[in-house]
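This briefing is intended for a reader at the bench who has the sequence and the model at hand. Please keep both in view while going through the points that follow.

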Amino acid sequence: MSGEGDLGGEGAAGPRAWAQAVADCLARPERYSEREIRFLRSIEREPTLTDAQGRWLAALADPVDFARINSAALAILPALLRRWLPQGRMAGAEWVALNPKRADGTPGSFRINAATGQWADFATPHRSGDVISLAAYLHHSGDQFGAGPALREMLSL
């Protein structure tokens, strides 16, 4: 699917597109949790979807293998860090950079472990444990469902 809103809400592809996506998902129920199946059944006969329903359906119809993406991204994390945070530098096993998401005047508090992908801004509560969450924080307003597919495409997975 080309975009997260393609299946519902404003400017959506229309009922046929999302109805087909629902049918495709329900044809493989073993791939989904009970909650996801309930959601699919709840929208099965709806005339329109909200934007949120369209995003969730798009995510279900085009599942993101977060573990595979994180593993592939971790293998080239130093290169990704040079691209995303070019002013940074390696200090031991960590990439130390200014945090571009806030007014950060001195490198040191924003660190990414280049071996594990764990990252933190020790001057704020922002931290997590993988490359997708870092990409989400830096480039997708914290949205991992946006960052996962973007990284998947960047890595040609």
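What volume does the second largest pocket have? The second largest pocket has a volume of about 170 Å³. The model is a predicted one, and the points below treat its pocket, its sheet, its nonpolar cores, its aromatic pairs and one of its helices.

**Second largest pocket**
- The residues that line the second largest pocket are Arg31, Tyr32, Glu36, Trp56, Ala59, Leu60, Pro63, Val64, Phe66 and Phe145.
- Helix α3 (residues 51-61) supplies three residues, the largest share of the lining of the second largest pocket.
- Leu60, one of the lining residues, is also included in the second nonpolar core.

**Sheet**
- Five strands make up an open sheet in the order β1-β2-β3-β4-β5, and their pairing is antiparallel.
- Strands β1 (89-91) and β5 (127-128) are at the edges with a single partner strand each, so each has one side without a neighbour in the sheet.
- Strands β1 and β2 are joined by three bridges in the antiparallel sense; among the bridge partners, Arg89 is matched with Val96 in β2.
- The same two strands, β1 and β2, form a hairpin with two residues between them. Gly92 lies in the turn and has a positive phi of about 70°.
- Between β2 and β3 there are four bridges, again in the antiparallel sense. Trp95 has Ile112 as its bridge partner in β3, and Glu94 has Asn113 as its bridge partner in β3.

**Nonpolar cores**
- The largest nonpolar core consists of 23 residues. The residues with the most contacts inside this core are Trp84, Leu85, Phe110, Ile112, Leu134 and Leu151.
- Two or more residues of this core come from each of α4 (66-75), α5 (77-84), β2 (94-97), β3, α6 and α7 (144-154).
- Helix α6 gives the largest share of this core, namely seven residues.
- A second core, separate from the largest one, has 14 residues, including Trp18, Leu40, Ile43 and Leu60.

**Aromatic pairs**
- There are four aromatic pairs in the structure. One of them joins Phe110 and Tyr137 in a tilted arrangement, with 6.2 Å centre to centre and 45° between the planes.
- Phe110 belongs to strand β3 (residues 110-113) and Tyr137 to helix α6 (residues 131-139), so this pair ties together parts that are 27 residues apart in sequence.
- Both Phe110 and Tyr137 are buried.
- Through ring pairs, Phe110, Trp119 and Tyr137 are linked into a cluster.

**Helix α2**
- Which residues of helix α2 (residues 34-43) are buried? Ile37, Phe39, Leu40 and Ile43 are buried there.
- These four residues lie on the same side of α2, because they cover an arc of only 160° around the axis.
- Exposed residues occupy the other side of α2: Glu34, Arg35, Arg38 and Arg41.
- Of the buried residues of α2, Leu40 and Ile43 are included in the second, separate core.

Technical notes
Residues are numbered from 1 along each chain as its sequence is written. This is a predicted model: local features need pLDDT of at least 70, side-chain atom pairs count only at pLDDT 80 or more; totals for chains, interfaces and linings use all residues. Side-chain values use heavy atoms; hydrogens and water are left out. Rings of Phe, Tyr and Trp (its six-membered ring) pair if their centres lie within 6.5 Å; planes under 30 degrees apart count as stacked, over 60 as edge-to-face and the rest as tilted. Buried means under 20% relative accessible area, exposed over 50%, partly exposed in between (1.4 Å probe, protein chains only). A nonpolar core is a set of buried Ala, Val, Leu, Ile, Met, Phe, Trp, Tyr and Cys residues joined through side-chain atoms within 4.5 Å. Two strands pair if DSSP finds at least two bridges between them. The arc is that of the directions from the helix axis to the C-beta atoms. On a 1 Å grid over the protein atoms alone, a cavity is a set of points where a 1.4 Å probe fits but cannot get out, and a pocket is an open set with protein on both sides within 12 Å along at least five of seven lines; lining residues have an atom within 4 Å of a point. Grid points are joined across faces, edges and corners, and a volume is the space filled by probe spheres set on the points.
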